[in-house]
Amino acid sequence: MEKFDTDEPEFNTTDLIGDDSFMKAIRYPESENAKYWNIIYQKYPQKRETVDEARNLILNLPFSKDEIPEQFGNKIWDEIYRKTVPAKRKNFYRAWYGVAASLFIIGFLALYIFDPLGLSQIKIATGPGEIRTVVLPDGSTVILNGNSELSYSKNWEKDNARKVFFQGDGSFRITKVNSLPNASEGRKFQVLSGQSTVEVLGTEFTLHSRDEEMKVSLHSGRVSFAVNKKGKGSNESSLDRIILYPGEEAEYSKVNNRIEKRKEDRNQILRWEKDGVQFKGVTLEKTLRYVKDIYGYDYVLENPSLLNRKITGKFSNTDLNAFIKTIESTLGMTIDINEKKKVLTISAQ
């Protein structure tokens, strides 16, 4: 798999549309390629415009379904050539025009055949510490916390189910189906994340989905939480499904491969909103996990027992420095921030 240097990524639009891993990331949004390019997108905000330009160019090239493969491939390359190659460099690029056109015929035909969403995805991603509110076509809202991503089809309103793909931390407020004009009662709302699916008709919940775990906390309504678990054999799988009611939460971990359902612990709460994050009896260990998820900072500490100290209060979740200073004063410790390495060094005062 061809990849660019993640320490100092150097690429332009032309590089991306000719890169195999970037093509596969668009074709397979759940693949390792997609995870890699999502890291690039989140870690380097200055490269987002280039990534978005290449992605949108690929997804929005004009073509008709009845074009034969050769015409289809030539039209793709003509459009890319016209939009991305400066006039003074065209003579150089004409030399590898034929080879590149052949590669794009194969890549785009595969994408066209295997993408059930019609080559049209809308993707919204947030950077470290960034919070963004997304209003979906049906009026449902999703508040994305830092380092999170939401995507859905441009043909979303025509699909049988209201389906979105999600990774990160999000707060969902779903519009009820029967409140929409000309809506079908069977048109459920589905949030897909890895091998997990949250299915609702109208409700409010928060969703945490990162790496090896997924957690759903329900505030109102009712949701179905399902996980397609992989068995020991290569072809073995099973679907675990539970129903959540308000005040309940469910967590799935790939490590133990099971869903745990429980009442929300009112004595230990970590809840974030647009204007801040609320902690009640939350250990420093869980707090630092939140910092890593949202801001991308890891940590080292001289005394592991410090992780058991607990935090209560509401703090800013958009300013990392202010957040860390508050933790320092609240727990009586020193936290040094290394912005270059993205590491927090923690020691007792």
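This report describes the chain as a whole, one of its sheets, a pocket and a loop residue.

The model is predicted: local features need pLDDT of at least 70, side-chain atom pairs count only at pLDDT 80 or more, and totals for chains, interfaces and linings use all residues. Residue numbers start from 1 along each chain as its sequence is written, and side-chain values use heavy atoms, with hydrogens and water left out.

**The chain**

The chain holds nine helices and 19 strands; these are DSSP runs numbered from the N terminus, with helices (H or I) of at least four residues and strands (E) of at least two. Of its 349 residues, 46% are buried, meaning under 20% relative accessible area with a 1.4 Å probe, protein chains only. Among contacts (heavy atoms within 4.5 Å) with a separation of 6 or more, 55% are between residues 24 or more positions apart.

**A sheet of three strands**

Strands 14, 15 and 17 form an open sheet in the order 14-15-17, with antiparallel pairing; two strands pair if DSSP finds at least two bridges between them. Strand 14 and strand 17 are the edge strands, each pairing on one side only. On average, neighbouring strands of this sheet are turned by 10° against each other, direction ignored. Strand 14 and strand 15 are joined by five bridges, and Glu273 has Gly276 of strand 15 as its bridge partner.

Two helices contact this sheet. The table gives their angles, taken from 0 to 180 degrees between N-to-C directions of axes fitted to C-alpha atoms, for helices over the stretch in contact.

| Helix | Residues | Strands touched | Angle |
|---|---|---|---|
| Helix 8 | 284-295 | strand 14, strand 15, strand 17 | about 150° to strand 15 |
| Helix 9 | 320-331 | strand 15, strand 17 | about 140° with strand 17 |

**The second largest pocket**

The lining of the second largest pocket consists of 25 residues, and His208, Lys215, Ser217, Leu270 and Lys286 lie nearest its centre. A pocket is an open set of points on a 1 Å grid over the protein atoms alone, where a 1.4 Å probe fits, with protein on both sides within 12 Å along at least five of seven lines; lining residues have an atom within 4 Å of a point. Elements giving two or more residues to this lining include strand 14 and helix 8. Strand 9 gives the most, with five residues.

**Pro246**

Pro246 sits in the loop between strand 11 (237-244) and strand 12. Its C-alpha atom is separated by 4.9 Å from that of His219, 27 residues apart along the chain.

Key:
Buried < 20%, exposed > 50% of the residue type's maximum accessible area, 1.4 Å probe, protein only.
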